Amino acid sequence: VSIFAHLPGEVRKRLHRRVEQSLRPGGIVLLEAYTPAQLARSTGGPKDPDLLMSRVELEREFPNCEVLVSREIERDVIEGEFHTGQASVVQFLAKNGGA
């Protein structure tokens, strides 16, 4: 599970490679992050586009996993004073293809 993953793109790609390599057969990656569409909102998230993620990027960053859920949606977040309201997020769930 990725929590607080506002990482620069190149760092994130290296981390995701390592995460994928470390998964046991049948292991699961579960991730939710803000998308670039969040830049137009004032409901939280980074203001640097390099720290945001898209469905397409995540699918590329986990090439050896079976994607179970990969979607960009708008949903209400209630995560404290600065992270409340309608948000643009990507939800990603994938399974290690080894099982």
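This report covers the sheet, the nonpolar cores and the surroundings of Q38 in a predicted model.

## The sheet

Three strands form an open sheet in the order β1-β3-β2, with antiparallel pairing. β1 and β2 (65–78) stand at the edges. Each has a single partner strand, so one side of each is left without a neighbour in the sheet. From one strand to the next, the twist averages 20°.

Strands of a sheet pair through backbone hydrogen bonds, in a parallel or an antiparallel sense.

## Strand pairings

β3 covers residues 84–96 and runs antiparallel to β1, with 7 bridges joining the two. One bridge pair sets Y34 against V89 in β3.

β2 also pairs with β3 in the antiparallel sense, here over 13 bridges. E66 has K95 in β3 as its bridge partner. β2 and β3 form a hairpin with 5 residues between the strands. In this hairpin, G80 takes a positive phi near 105°.

## Nonpolar cores

The largest nonpolar core has 11 residues. They are L23, V29, L31, A33, M53, L58, F62, C65, V90, F92 and A94. Two elements, β1 and β3, give two or more residues to this core.

In regular strands, side chains alternate between the two faces of the sheet.

F62 is one of the residues of the largest core. Leaving aside residues up to four places away in sequence, F62 touches H16, V19, E20, V29 and F92. Of these contacts, V29 and F92 are also listed in the largest core.

Another core, of 5 residues, lies apart from the largest one. Its members include Y34, L52, V77 and V89. Y34 and V89 are thus named twice here: they belong to this core, and they are bridge partners.

## Q38 in its loop

Q38 sits in the loop between β1 (28–34) and α2 (55–61). Is Q38 buried or exposed? Q38 is buried: its relative accessible area is 0%, and the cut-off for buried is under 20%.

The side chain of Q38 makes a polar contact of 2.8 Å with the side chain of T43. T43 is also among the residues that Q38 touches when those up to four places away in sequence are not counted. The others are G44, K47, Q86, A87 and S88. Q86, A87 and S88 fall within the span of β3, residues 84–96. The contacts of Q38 therefore include residues of β3 as well as T43, G44 and K47.

Technical notes. Residues numbered from 1 in each chain as written. Predicted model: local features only at pLDDT ≥ 70, side-chain atom pairs only at ≥ 80, totals over all residues. Heavy atoms only, no water. Helix = DSSP H or I, 4+ residues; strand = E, 2+ residues; numbered from the N terminus. Buried < 20%, exposed > 50% of the residue type's maximum accessible area, 1.4 Å probe, protein only. Polar contact = N/O pair within 3.5 Å; in protein donor to acceptor, adjacent residues only side chain to side chain. Contact = heavy atoms within 4.5 Å. Pairing = 2+ DSSP bridges. Axes fitted to C-alpha atoms, helices over the stretch in contact; angles between N-to-C directions. Core = buried A, V, L, I, M, F, W, Y, C linked by side-chain atoms within 4.5 Å.
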